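Colleague: Could you take me through the aromatic side chains in this one, up close? I'd like to hear what they pair with and what surrounds them.

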Amino acid sequence: MILAIIQARVGSSRFRGKVLKEVLGKPLIWYEIERIKRSRKIDKLVLATSDKEENELLISVADNCEIESFAGSEDDVLDRYYQCAKLYSPDVVVRLTGDMPLHDPDMIDKVITIYEQNQVDYVSNAYETSYPDGLDTEVMKMSALETAYREATLSSEREHVTPYIYNNANSCGKRLFKMLVVRHEVDFSHLRWTVDEEADFLLIKEIIKGLYPSNPCFTWMNVISLLTRRPELLNINNKIERNEGYRKSLIRDEEVRK
């Protein structure tokens with residue numbers, strides 16, 4: 001079974017409540033769930049949030065979208081992810097994050113297909129950036145997730161779920177895992193469609209308002225077309241650093257080592 005888990009919580013430090021911000025009367029997490037549900041490869045989709053009371057609002061949205069939820073650790077996201085996955089005994093786990101409301105089901109299926117066609121433990125379209133930030137899809141063996149859960153100790157590894165896997169893959173160190181990277185022939189990595197700050201939300205709001213009413217199933221290439229027609233939108237959030245949260249976790253790792 002292929003299990004997809006969306007990690008999301010209300011209490012983001014940089015932009016609190018971002019996943020519940022509304023566009024056209026629907027919260028961003030609603031758009032993300034409904035888009036991911038169109039995947040042809042995913043057998044089950046679950047929302048994994050933290051056990052803080054404030055996240056009951058998120059669980060309500062998941063209920064309305066007819067998907068199951070799991071509440072676990074607030075800070076140890078790897079533990080939350082593993083405990084959620086273990087309930088369903090999947091062969092394969094797809095990691096998706098709740099701050100990416102423009103997730104494309106065809107992109108998700110592409111990464112899953114590449115995983116299925118190769119004898120590997122982990123496949124990602126975000127480890128080496130070529131796609132817009134906001135389409136990130138990671139596919140891994142359940143056994144790889146379990147190894148990470150048991151062995152990972154660094155803050156960055158526990159908070160971001162998969163660093164232990166890709167830091168120990170292929171030519172890296174112990175070579176515990178076999179890994180493949182999915183790249184696009186054209187580099188779109190300068191585009192930012194994730195929501196970490198208010199400026200990100202303002203861009204996503206314009207994209208959804210510009211595409212959803214006439215085409216609820218718009219693709220990521222439809223977004224490219226919109227931005228080509230309206231290049232001024234690119235200025236809304238182009239000053240924000242990619243993967244800032246992960247970099248902060250690495251700094252904390254170094255502080256612990258000292």
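Modeller: The charged end of Arg-35 sits over the ring of Phe-218, with 4.2 Å to the ring centre. Bear in mind that this is a predicted model. There's another charge-over-ring arrangement with Lys-26, whose charged end is placed over the ring of Trp-30 at 4.9 Å from the centre. Trp-30 also belongs to a cluster, in which ring pairs link it with Tyr-31 and Tyr-212.

On to the ring pairs in general: the structure holds ten of them. Take Phe-15 and Phe-201, whose ring centres are 6.5 Å apart with the planes at 55°, so this one is a tilted pair. Phe-15 comes from the loop between strand 1 and strand 2, while Phe-201 is in helix 8, so the pair ties together parts that are 186 residues apart in sequence. Are these two buried or exposed? Phe-15 has a relative accessible area of 10%, which makes it buried because the cut-off is under 20%. Phe-201, at 9%, is buried as well.

Then look at Tyr-131 and Trp-220, an edge-to-face pair with 5.6 Å from centre to centre and 70° between the planes. Here too distant parts of the chain get linked: Tyr-131 is in the loop between strand 7 and strand 8, Trp-220 is in helix 9, and their positions lie 89 residues apart in the numbering. Tyr-131 has a relative accessible area of 2% and is buried. Trp-220 counts as buried too, at 9% relative accessibility.

Now the nonpolar packing. The largest nonpolar core has 54 residues, and within it Trp-193 and Ile-207 touch the most other members. Among the elements that give two or more residues to this core are strand 1 (2-7), helix 1 (28-36), strand 4 (44-50), helix 8 (198-211) and helix 9 (220-229). Separate from that is a second core of 29 residues, including Tyr-164 along with Ala-48, Cys-84 and Ala-148.

Some tyrosines and phenylalanines also turn up next to acidic side chains. Start with Glu-68, in strand 5 (residues 68-72). Glu-68 is partly exposed, with 37% relative accessibility. Its side chain makes a polar contact of 2.6 Å with the side chain of Tyr-88, and a polar contact of 3.1 Å joins it to the side chain of Lys-44. Lys-44 is 24 residues away along the chain, and its C-alpha atom is 8.9 Å from that of Glu-68. Sequence neighbours within four places aside, Glu-68 is in contact with Lys-44, Leu-45, Val-46, Leu-47 and Tyr-88.

The other acidic residue to look at is Asp-121, in the loop between helix 4 and strand 7. Asp-121 counts as buried, at 12% relative accessibility. What does its side chain reach at 2.6 Å? That would be the backbone nitrogen of Lys-178. Again leaving out neighbours within four places in sequence, the contacts of Asp-121 include the aromatic residues Tyr-115 and Phe-177, along with Val-139, Met-140, Leu-176 and Lys-178.

Technical notes
Residues numbered from 1 in each chain as written. Predicted model: local features only at pLDDT ≥ 70, side-chain atom pairs only at ≥ 80, totals over all residues. Heavy atoms only, no water. Helix = DSSP H or I, 4+ residues; strand = E, 2+ residues; numbered from the N terminus. Buried < 20%, exposed > 50% of the residue type's maximum accessible area, 1.4 Å probe, protein only. Contact = heavy atoms within 4.5 Å. Polar contact = N/O pair within 3.5 Å; in protein donor to acceptor, adjacent residues only side chain to side chain. Core = buried A, V, L, I, M, F, W, Y, C linked by side-chain atoms within 4.5 Å. Phe/Tyr/Trp six-rings, centres within 6.5 Å; stacked < 30°, edge-to-face > 60°. Lys NZ or Arg CZ within 6 Å of the ring centre and 35° of its normal.
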